[in-house]
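Subject: Structure handover

Hello,

Please find the structure we spoke about below. My notes on it come after.

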Amino acid sequence: MSEILSVRGVGKSYASGHRALGSFDLDVRAGEIFALLGPNGAGKTTLISIICGLVRATEGSVTVAGHDIVQDYRQARSTIGLVPQELSTDMFERVIDTVRFSRGLFGKPRDDALIEKILRDLSLWEKRESKIQELSGGMKRRVMIAKALAHEPRLLFLDEPTAGVDVELRRDMWKLVRQLRESGATIILTTHYIEEAEEMADRVGVIAKGELILVEEKAALMKKLGRKTLQVTLSDPLGALPEGLGEWPLDLLDEGHVIEYVFDSQAERTGVSALLRRLGDLGIGYKDLGTRESSLEDIFVSLVHAPAVQESRA
């Protein structure tokens, strides 16, 4: 699969001396959903702003669909659609007018059939004559997406696309993003909702302090870095863990009713069987066992907050 976006050695420093983005390399494949995860201040918005031509990089180069964003600005920018986190549009405009205007900004000829299709796909057609101020927050978010799609971009940036919307609408937006990908668009999304990346992304990039820590296929990442958690619900609570269990990294939870053991599910010896035998040897009875896989959120937290992992995965 060919790359639609190539970022090489891109960095951003400000006159104050603040280094917002380190030397950054990233390739995004045509037709994928790529999730960029990172805490506030990590550099996500700076990177997107550079790619979209809103901020000039201090060093490095970016090409979009083969067009350099500086030397071939018009061609590169016409390939990109951006849905910013903040709702920024004229609240007194009609929905259909603001979407048509966005298409015209890129020098595209008027295409009422295309605008109608976009609005119908986004469930906005019945609201086309409404002023934007009259819409709900979720509908306003859809208008922003419609504006970004009006000039038929091949690469769509969604910056926190479901920020501030309820769970039901969030899932509707996830469905919409998948439909956009199926129509041929490449999606890059930034999000604070880890389940959003876990639900939709083909690949995940983790950024912290302006540096790209890791880029990995989502499934491979979860398999490589994932852990399993075993919870043993005891028949009788313990006041403390006995010395006989010292060889396992255990936690005593729920006022002594639960022993928790986190282990590497890919290891040849997980230690689970030996732990259960030791419990029996010590006369510690249990009435229930439960396991769960590490989520993408667990992995994200471990990457961002564990320096040793950061260094090994960079």
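The notes below go from the whole chain to one sheet, then to a pair of helices and a single residue.

Please keep in mind throughout that this is a predicted model.

Whole chain

The protein chain has 314 residues, and 45% of them count as buried. Its secondary structure amounts to 11 helices and 14 strands. If one takes the contacts between residues at least 6 apart in sequence, 68% of them join residues at least 24 apart. About 16,000 Å² of the protein chain is exposed, with 47% of that area supplied by carbon and sulfur atoms.

An open sheet

One sheet is open and is built from 4 strands in the order E2-E1-E4-E5, and the pairing is antiparallel. At its edges are strand E2 (19–29) and strand E5 (67–68), each of which pairs on one side only. Strand E1, covering residues 3–13, runs antiparallel to E2 and is joined to it by 7 bridges. Within this pair, Ser6 is placed opposite Asp27 of E2. As general background, the strands of a sheet pair through hydrogen bonds of the backbone, in either a parallel or an antiparallel manner.

Helices H3 and H5

Helix H3 spans residues 95–105, and helix H5 spans residues 137–149. The axes of these two helices come within 7 Å of each other and cross at roughly 30°. Because angles under 35 degrees count as roughly parallel, H3 is roughly parallel to H5. The crossing of H3 past H5 is right-handed. On the H3 side, the residues that meet H5 are Val95, Thr98, Val99 and Ser102; their partners in H5 are Val143, Ala146 and Lys147.

Ile96

Helix H3 also holds Ile96. Is Ile96 buried or exposed? Its relative accessibility is 5%, and since the cut-off for buried is under 20%, Ile96 counts as buried. Leaving aside residues up to four places away in sequence, Ile96 touches Ile115, Leu119, Trp125 and Arg128. For one of these, Ile115, there is also a C-alpha distance: the C-alpha atoms of Ile96 and Ile115 are separated by 7.8 Å, and the two residues lie 19 residues apart along the chain.

That is the end of my notes.

Regards

Terms used:
Residues numbered from 1 in each chain as written. Predicted model: local features only at pLDDT ≥ 70, side-chain atom pairs only at ≥ 80, totals over all residues. Heavy atoms only, no water. Pairing = 2+ DSSP bridges. Buried < 20%, exposed > 50% of the residue type's maximum accessible area, 1.4 Å probe, protein only. Contact = heavy atoms within 4.5 Å. Areas by Shrake-Rupley, 256 points an atom, 1.4 Å probe, with all protein chains shown as cover. Axes fitted to C-alpha atoms, helices over the stretch in contact; angles between N-to-C directions. Parallel < 35°, antiparallel > 145°, perpendicular 65-115°, else oblique. Left-handed = near helix turned anticlockwise from the far one by under 90°.
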